[in-house]
Amino acid sequence: MDDLTDRRAPATAPEYDGFAFRGRWQEFLPIVATNLLLTIVTLGFYRFWAKARERRYLWGETVFVDDRLEWTGTGREMFVGFLIVMAVFIPLGLIVQFGLPAMIARGYGLLAGVLSLIVYIGFFYMIGVARFRAIRYRISRTRWHGVRGGSDQGGWGYGGQALVSTIFVGLTAGLLQPWAMATLWRARFGAMSFGDAPIGVGEGPIPKGLFARWFLIYVAFVGIMIALFAMTFGAVLGGMIGEDADSGAVAAVSVLIGVFVLYLTLPVLFVTYYAKYVREMVGEMSWMNLDFTFTASTWDWIKLYLGHALLVLVTLGFGYLFIGYRNWAFFVCHLEARGTLDIDLIRQSETRMRTDAEGLADAFDIGAI
């Protein structure tokens, strides 16, 4: 696996760490630099071809078992997919922005309210569909040993499931968020396959520890907000009854302290939760006779995010173009596959090759995961 010139090394070793990333930032730099220039010159239209170029490099420098991955998606199909989505969303946006206020002005307020609710619900529904289709597109355009993946599902059912999960999370004031995230992860990846073999996902209860870590975030947020309110209210009340002439200054300092603690504590707690979430969900997954694990700890994630921030700061924003590279390298380097694999048993996928690309995901500015 260390020698990429040997692309046909035996693939039936009993145990191995099946992933490796061989990319170098020095090789990636010319790609993002020219992409940036062409995107500026074309007023943003080149970004679809830029994304395809970056993925061809990242996929091509990723080794799974004995062969590199290959990205076969094109900028053209992503651009066409985006145009199709925009052809639907732009008229809808105009109706919402101008049509609904006109209806209210003409006395049809109730009808306008009902239509607004329908649009709002449809928005969250389509976000789910977009995330499902983004994953389906990426798997279908990924080749390994000439084999691709995909799914015959259109994502409409997943969109409904995501919408219902969002409603339940809202009704429980966010307490069911771990359940929703784990359930939807299983639903979207469980609908996928690679070659003729389905991707296995977990079943049964939500992995242990997720609710505990999420509840810690919940308690910390509520506790900080209560403490912040109590300090501010106490300072203002003291000023009103004449016991504290500097109540305004005390209230301002209390707010600053509370905001600082809030923005320092919650991100760290969320990273702690998310690190656990990704480890558990990837650890449930399998393909053929391979079981996957993800080894990144909370500290690994914190170093990744701090590195992002430092890179962007030091390079005056140019380093933002390397975040995708760093994320991909991070994910591949911490992803392991254990088991045995007989490549001769792998058959090409019979799922349909969809052409809708990631238009919906681009419209909502969301990723696949």
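Q: Buried means under 20% relative accessible area, exposed over 50%, and partly exposed is in between (1.4 Å probe, protein chains only); with 35% relative accessibility, is Glu-27 buried, exposed or partly exposed?
A: Heads up that this is a predicted model: local features need pLDDT of at least 70, side-chain atom pairs count only at pLDDT 80 or more, and totals for chains, interfaces and linings use all residues. Residues are numbered from 1 along each chain as its sequence is written, and side-chain values use heavy atoms, with hydrogens and water left out. At 35% relative accessibility, Glu-27 counts as partly exposed.

Q: How far apart are the closest N and O atoms in the salt bridge of Arg-24 with Glu-27?
A: A salt bridge here is a side-chain nitrogen of Lys or Arg within 4 Å of a carboxyl oxygen of Asp or Glu, and the count by this rule is seven. Arg-24 is partly exposed at 43% relative accessibility. Its closest contact with Glu-27, N to O, comes to 3.7 Å.

Q: Which residue forms a salt bridge with Glu-77?
A: The closest N and O atoms of this pair are 3.0 Å apart. Helices (H or I, at least four residues) and strands (E, at least two) are DSSP runs numbered from the N terminus; Glu-77 is in helix H3, and its partner, 64 residues away, is in the loop between H4 and E5. Both side chains of the pair are buried. The partner is Arg-141.

Q: How far apart are the closest N and O atoms of Glu-336 and Arg-338?
A: Glu-336 is buried, at 18% relative accessible area, whereas Arg-338 is partly exposed at 35%. They form a salt bridge, and the closest N and O atoms are separated by 3.4 Å.

Q: Why do the rings of Phe-19 and Phe-64 count as stacked, and what is the angle between their planes?
A: Rings of Phe, Tyr and Trp (its six-membered ring) pair if their centres lie within 6.5 Å; planes under 30 degrees apart count as stacked, over 60 as edge-to-face and the rest as tilted. The whole structure has 39 aromatic pairs. In this one the ring centres are 4.7 Å apart, and the pair is stacked because the planes meet at 25 degrees.

Q: How many residues apart are Phe-19 and Phe-64?
A: Phe-19 is buried at 15% relative accessible area, and Phe-64 is buried at 7%. Phe-19 belongs to strand E1 (residues 19–21) and Phe-64 to strand E2 (residues 62–64), so the stacked pair links distant parts of the chain. The separation along the chain is 45 residues.

Q: Which residue makes a tilted aromatic pair with Phe-64?
A: The centres are 4.9 Å apart, with 55 degrees between the planes. Phe-64 lies in strand E2 and its partner in the loop between strand E5 (142–143) and strand E6 (149–150), so the pair ties together parts 80 residues apart in sequence. That partner is buried, with a relative accessible area of 1%. It's Trp-144.

Q: Which strands are the edge strands of the open six-stranded sheet?
A: Strands pair here if DSSP finds at least two bridges between them. The order is E6-E7-E8-E9-E10-E11, with antiparallel pairing. The strands that each pair on one side only are E6 and E11 (335–339).

Q: Which residue in E10 stands opposite Ser-286?
A: Start from E8, which pairs with E9 (residues 286–287) over two bridges, with Gly-200 opposite Ser-286. Two bridges also join E9 to E10 (residues 290–294). There, the residue opposite Ser-286 is Asp-291.
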